[in-house]
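Biologist: Please take a close look at one part of this model. I want to know where it sits, what it touches and how far to trust it.

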Amino acid sequence: VVKSSGRRLIAFLTHFGDLSSWEYAQQLRLKIDDLKAEGVEVMAIGIGGEVAAKEFAKATNFPTDRLYFDETAQCCSALSFAPGFGRDSVTQEQSNALSPYLRLLPMLLGIGSPGTLQ
């Protein structure tokens with residue numbers, strides 16, 4: 001349960017299988033105690049189900065009491081996050097038959113993912 005007062009750092013992850021989410025969670029985990037000492041509560045929200053979240057937490061050593069899952073990506077949609085390459089919204093299924101590896105290249109170049117390269 002989220003407290004009604006205080007400071008929070010809420011990390012919005014992509015799906016639990018994304019390597020970027022893994023790297024982010026592993027780095028964030030290293031800072032949780034320091035942030036808590038400064039009065040900052042850390043939480044992370046990832047796209048996927050409960051089983052995926054538990055596996056993610058186990059694999060990354062991210063505390064399960066600070067990890068929330070969003071099965072339908074509604075948080076990302078409500079916050080107008082970029083949907084990525086090949087989709088019009090974060091809740092839309094991938095509409096093309098391209099290999100996931102081929103879809104990764106345009107994303108890495110920032111196509112459909114503004115702010116990827118800065």
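Modeller: What follows starts with the whole chain and then turns to helix α1 and its surroundings.

The model is predicted, so local features are given only at pLDDT of at least 70 and side-chain atom pairs only at pLDDT 80 or more, while totals for chains, interfaces and linings use all residues. Residues are numbered from 1 along each chain as its sequence is written, and side-chain values use heavy atoms, without hydrogens or water.

Confidence comes before geometry. The chain averages a pLDDT (the predictor's confidence in each residue, from 0 to 100) of 80. At least 70 is reached by 65% of the residues. Helix α2 (residues 50-60) has the highest confidence, at a mean of 95. Helix α4 (residues 100-108) has the lowest, at 67.

The chain holds 4 helices and 3 strands (DSSP runs numbered from the N terminus: H or I of at least four residues for helices, E of at least two for strands). Along the sequence, they follow the pattern β-α-β-α-β-α-α. Of the 118 residues, 25% are buried (under 20% relative accessible area; exposed is over 50%, partly exposed in between, with a 1.4 Å probe and protein chains only). Contacts (heavy atoms within 4.5 Å) reach along the chain too. Among those between residues at least 6 apart in sequence, 56% join residues at least 24 apart.

Now the part itself. S21 lies in helix α1, which covers residues 19-37. S21 has a relative accessible area of 2%, so S21 is buried. Its side chain makes a polar contact (N or O atoms within 3.5 Å, one able to donate a hydrogen and the other to accept it within protein; sequence-adjacent residues count only if both atoms are side-chain atoms) with the side chain of T14, at 2.9 Å. Beyond its neighbours within four places in sequence, S21 touches L13, T14, H15 and F56.

F56 leads to the helix pair. The axes of α1 and α2 (lines fitted to C-alpha atoms, for helices over the stretch in contact, with angles from 0 to 180 degrees between N-to-C directions) come within 10 Å and cross at roughly 55 degrees. That angle makes α1 oblique to α2 (under 35 degrees is roughly parallel, over 145 roughly antiparallel, 65 to 115 roughly perpendicular, the rest oblique). From α1, the contact is made by S21, W22, A25, Q26 and R29. From α2, it is made by F56, A59 and T60.

F16 also meets both helices. F16 sits in the loop between β1 (7-15) and α1. Its relative accessibility is 5%, which means F16 counts as buried. F16 and F56 are 40 residues apart along the chain, yet their C-alpha atoms are separated by 6.1 Å. Leaving out residues up to four places away in sequence, F16 touches W22, F56, A52 and A53. The same list includes G46, I47, G48 and G49, then L67, Y68 and F69.

Two backbone details remain. N61 lies in the loop between α2 and β3 (67-70). Its phi is near 60 degrees, a positive value in a residue other than glycine. N61 is exposed, because its relative accessibility is 54%. A73 lies in the loop between β3 and α3 (74-78). Phi of A73 is near 65 degrees, also positive in a residue other than glycine. A73 is buried, because its relative accessibility is 3%.
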